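Q: I have a new structure open and don't know my way around it yet. Can we go through it together?

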Amino acid sequence: MKQILSGMVVAAALSGSAFATDLPLPTYTKAPAFTKAPAIADPTYNWSGWYGGLNAGWVGGPGSVSNNASIVATSDFPDNAQAMARGATNNTTGASSGFIGGGQFGYNYQFSHLFVAGFEADIQGLTGAHKGSSSAVGTVLVPNSNSDAPTDIASVVTNSTNSHGLSYLGTLRARIGVLVAPSFLLYATGGLAYGGARSDTTIVQSIDDPPLATLKTSGSFSKTRVGYAVGAGGEWMLSSNWSAKLEYLYYDLGSVTYATGGLASDIGAVIGSTGTGVAAVATSSQVRFKDNIVRVGLNYHFN
């Protein structure tokens with residue numbers, strides 16, 4: 001009996017071992033590698049290349065004209081001539097505010113991710129002009145028609161008016177700027193400016209006692225002037241081909257002096273004097289063509 005039990009144990013062990021060898025071995029699958037999600041790329045803009053567009057804005061500022069006079073003839077009444085010259089020497093002041101609009105083209109070169117340099121040329125028309133006026137009153141000793149009577153104290157009244165401005169303005173400027181963002185450029189600009197300058201001056205003068213004839217003279221200037229323009233601005237890329245800008249410019253085309261005729265009065269004939277009482281002065285005006293511009297623009301980039 002003991003032998004039978006031992007045989008059964010051995011047989012069970014052998015059969016269990018054979019069964020184990022028939023079972024499949026466990027398999028292991030490698031975990032998938034972790035992959036980083038792709039980053040969303042920032043939009044990039046190519047500032048290099050040619051561009052062209054339109055601009056419009058405001059032009060204006062304070063203006064001043066200097067009127068000058070010098071004595072050219074006097075005989076019996078030098079005081080009158082001096083009073084006429086003093087009255088015709090004054091300043092007319094007047095502010096201007098108008099519209100400016102036109103077009104521009106230029107070229108940019110982006111030489112790093114921070115800096116852009118190039119040039120721009122523009123031409124535009126202007127409306128509005130500086131219109132100013134001044135009034136001056138001086139005193140002068142005027143003899144009566146009766147030579148035995150003492151002299152009278154009279155007033156020499158002078159009124160001067162002026163209008164000046166530009167019919168058109170063009171510039172050729174360099175631009176250099178910094179990209180504070182891929183789509184936003186801050187820049188400074190400066191260069192040549194030229195424009196069609198015009199100016200008109202009228203001077204009216206009279207002596208109130210004795211009542212002399214009203215004296216009037218005028219002169220004008222019209223010519224292309226050349227100077228400079230400087231400024232700064234910001235430009236935004238709206239898409240790969242379109243940009244918008246906001247810009248300030250100051251232009252100065254220098255000063256011009258032009259003749260405005262003269263004032264002459266035959267005082268002796270008016271008061272019945274037997275002398276040759278002519279008093280005459282030559283007049284001129286000096287005007288400076290300068291102003292401020294604030295404008296917006298839209299550009300198309302051909303890159």
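**A first pass**

A: At 38% relative accessibility, Arg-288 counts as partly exposed. Keep in mind that this is a predicted model.

Q: What does Arg-288 form a salt bridge with?
A: With Asp-252; the closest N and O atoms of the two are 2.4 Å apart. Asp-252 lies in strand S8 (residues 242-266) and Arg-288 in strand S9, so the salt bridge ties together parts that are 36 residues apart in sequence.

Q: And is Asp-252 buried or exposed?
A: Asp-252 is buried, with a relative accessible area of 3%. The cut-off for buried is under 20%.

Q: Why would such side chains pair up at all?
A: Opposite charges on side chains can pair when the charged atoms come close.

Q: How many salt bridges are there?
A: The count comes to 10. One of them joins the side chains of Arg-295 and Asp-122, at 2.9 Å from N to O. That pair links distant parts of the chain, with Arg-295 in strand S9 (residues 278-301) and Asp-122 in strand S3 (residues 115-126), 173 residues apart.

Q: Are Arg-295 and Asp-122 buried or exposed?
A: Both Arg-295 and Asp-122 are buried.

Q: Which residues are linked in a network of salt bridges?
A: The network is made up of Glu-120, Asp-122, Arg-173, Arg-175, Glu-235, Lys-245, Glu-247 and Arg-295.

Q: Let's pick Glu-235. Where is it found?
A: Glu-235 is in strand S7, which covers residues 215-237. Its relative accessibility is 0%, so Glu-235 counts as buried.

Q: What does the side chain of Glu-235 meet in a salt bridge?
A: The side chain of Arg-175, at 3.1 Å from N to O. Here too the pair links distant parts of the chain: Arg-175 is in strand S5 (residues 152-181), Glu-235 is in strand S7, and they are 60 residues apart. Arg-175 is buried, as is Glu-235.

Q: Which polar contact does the Glu-235 side chain make?
A: One with the side chain of Ser-243, at 2.6 Å.

Q: What else is Glu-235 in contact with?
A: Setting aside neighbours within four places in sequence, the contacts of Glu-235 include Trp-47, Phe-184, Tyr-187, Lys-245, Asn-299 and His-301.

Q: How far is Glu-235 from Leu-179?
A: In sequence they are 56 residues apart, while in space their C-alpha atoms are 9.6 Å apart.

Q: Changing topic. Which residues make the nonpolar surface patch?
A: Trp-58, Trp-236, Leu-238, Trp-242, Leu-246, Tyr-248, Val-294, Val-296 and Leu-298 make a patch of about 840 Å². S8 and S9 are the elements that give two or more residues to it.

Q: Take Val-294 from that patch. Where is its place?
A: In strand S9. Val-294 has a relative accessible area of 38%, so it counts as partly exposed.

Q: Last thing: what does the chain average in pLDDT?
A: The average is 81, and 73% of the residues score at least 70. Over residues 8-21, however, the pLDDT is below 50, and this stretch has 0 contacts in the model beyond near neighbours in sequence.

Q: Where else does pLDDT stay under 50?
A: Over residues 37-42, for which the model has 0 contacts beyond four places in sequence.

How values were computed
Residues are numbered from 1 along each chain as its sequence is written. This is a predicted model: local features need pLDDT of at least 70, side-chain atom pairs count only at pLDDT 80 or more; totals for chains, interfaces and linings use all residues. Side-chain values use heavy atoms; hydrogens and water are left out. Helices (H or I, at least four residues) and strands (E, at least two) are DSSP runs, numbered from the N terminus. Buried means under 20% relative accessible area, exposed over 50%, partly exposed in between (1.4 Å probe, protein chains only). Contact means heavy atoms within 4.5 Å. A polar contact is a pair of N or O atoms within 3.5 Å; within protein, one must be able to donate a hydrogen and the other to accept it, and residues adjacent in sequence count only if both atoms are side-chain atoms. pLDDT is the predictor's confidence in each residue, from 0 to 100. A salt bridge is a side-chain nitrogen of Lys or Arg within 4 Å of a carboxyl oxygen of Asp or Glu. Patches are made of residues with over 30% relative accessible area and no salt bridge: like charges are joined within 9 Å, nonpolar side chains (Val, Leu, Ile, Met, Phe, Trp, Tyr) within 5 Å. Accessible areas come from the Shrake-Rupley method with a 1.4 Å probe; for residues, only the protein chains shown count as cover.
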